[in-house]
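Trainee: Hi! Could you walk me through this one before I start my own analysis?
Mentor: Happy to, let's look at it together.

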Amino acid sequence: MQKFVISLDRTPERTERFRRANAHLPDIVRSPGVDGAKMDVEEFKRMNLLSESCQFTRGAIGAGLAHVALWGLVAKNGTPAHIFEDDAFLCRNFEQESARVIASLPEDWDIILWGNNSDTALQFELLPGITQCVAVFSQDSVRMGINKFRDMDVTSLPLPLTQTFGICGYAISPLGARKMIKNCLPMTTVDIAYSSLGGRVLTATSIDHLMNQYYPTMKAYTSFPPLCLTDNDTANSLNT
């Protein structure tokens, strides 16, 4: 499967850090993404990529459209692909284990997240259709152990995904790409209820929030334990 990392032209240091951290996977193609600082927001509204009511930051719009562009490529090519953000760290056996996990999925799978942000909750079905499970993580321990993680061999299970935050790394099928394009465009500002957060309602501020509305009705999965971690440094986030 082809592998892409989204990393802007104006942040070569982020690209270089990703390359160093994931040197065990040298065949990842850089996608320059969409630079929120330079884009024409009104043009994207005319193209029906953004709604008039979208209040995302320019960075969040650019980041979202970078994923959308790769979804379009996957749908057009008719072959699944891995998509990473440039703060992703992949375990040593990612290539072999991700292939094994995908081979175990139904033929009509849509998307599988290899990781998620570690400062929030992950909700999935431990027993499909029976047991909803919410996992929480320690972001501090993830950050401290992230370099050790790169040298680990991880054995993972695909579990039906309900809700989470962050799309640092995932695989998406052509069917899933078409569904996400249809569901998430035009990007808009909506309120979403999160059962993983005790029913709390949050206003969507990025495309991974919008995706949360559709995981339960898709053949969407999370890998548990994760094959991809992120240090999730919000101070350097391109969504701001």
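**Cysteines, helices and a few odd spots**

Mentor: Let's begin with C168: its sulfur is 3.6 Å from the closest cysteine sulfur, which belongs to C228, and that is too far for a bond. Keep in mind that this is a predicted model.

Trainee: Thanks. What cut-off makes that too far for a disulfide?
Mentor: The two sulfur atoms would have to be within 2.5 Å, and the C168 sulfur is 3.6 Å from the one in C228.

Trainee: Is C168 buried or exposed?
Mentor: C168 is buried, with a relative accessible area of 1%.

Trainee: And C184, how far is its sulfur from the closest cysteine sulfur?
Mentor: That one is 12 Å away, in C54, so again too far for a bond. C184 is buried too, at a relative accessible area of 1%.

Trainee: So how many disulfides does the count come to?
Mentor: Zero, by that distance rule.

Trainee: Okay, switching to helices. How do helix 3 and helix 6 pack?
Mentor: Helix 3 covers residues 58–77 and helix 6 covers residues 174–184. Their axes are 8 Å apart, at an angle of about 135°. The two helices are therefore oblique to each other, and their crossing is left-handed.

Trainee: Which residues meet there?
Mentor: From helix 3 you have W71, G72, V74 and A75. Across from them, helix 6 brings P174, A177, R178, M180, I181 and C184. By class, that contact has eight nonpolar residues, one polar and one charged. Notice that C184, the buried cysteine from before, is part of this contact.

Trainee: I also clicked on K179. Where is that, and is it buried or partly exposed?
Mentor: K179 sits in helix 6, and at 30% relative accessibility it counts as partly exposed.

Trainee: What does K179 touch?
Mentor: Leaving aside residues up to four places away in sequence, K179 touches D110 and M218. If you want a reference point along the chain, K179 and F4 are 175 residues apart, and their C-alpha atoms are separated by 20 Å.

Trainee: Can we do the backbone now? Which residues does a cis peptide bond join?
Mentor: One such bond joins L185 and P186, with omega about -5°. P186 is in the loop between helix 6 and strand 10, which spans 191–194. Another cis bond runs from F224 to P225, where omega is near 0°. P225 lies in the loop between strand 12 (220–224) and strand 13 (228–230).

Trainee: Why point those out?
Mentor: Because most peptide bonds are trans, and most residues other than glycine have a negative phi.

Trainee: On that second point, which residue has a positive phi although it is not a glycine?
Mentor: N48 does, with phi at about 65°. Look for N48 in the loop between helix 2 (41–46) and helix 3. With a relative accessible area of 49%, N48 is partly exposed.

Trainee: Last one, then. Where does S104 sit?
Mentor: S104 is in the loop between helix 4 (94–103) and strand 5 (111–113). A relative accessible area of 46% makes S104 partly exposed.

Trainee: And how far is S104 from F4?
Mentor: Their C-alpha atoms are separated by 22 Å, and the two residues are 100 residues apart along the chain.

How values were computed:
Residues are numbered from 1 along each chain as its sequence is written. This is a predicted model: local features need pLDDT of at least 70, side-chain atom pairs count only at pLDDT 80 or more; totals for chains, interfaces and linings use all residues. Side-chain values use heavy atoms; hydrogens and water are left out. Axes are lines fitted to C-alpha atoms, for helices over the stretch in contact, and angles run from 0 to 180 degrees between N-to-C directions. Helices (H or I, at least four residues) and strands (E, at least two) are DSSP runs, numbered from the N terminus. Angles under 35 degrees count as roughly parallel, over 145 as roughly antiparallel, 65 to 115 as roughly perpendicular and the rest as oblique. A crossing is left-handed if the near helix is turned anticlockwise from the far one by less than a right angle, and right-handed if clockwise. Contact means heavy atoms within 4.5 Å. Ala, Val, Leu, Ile, Met, Phe, Trp, Tyr, Cys and Pro count as nonpolar, Asp, Glu, Lys and Arg as charged, and the others, Gly among them, as polar. Buried means under 20% relative accessible area, exposed over 50%, partly exposed in between (1.4 Å probe, protein chains only).
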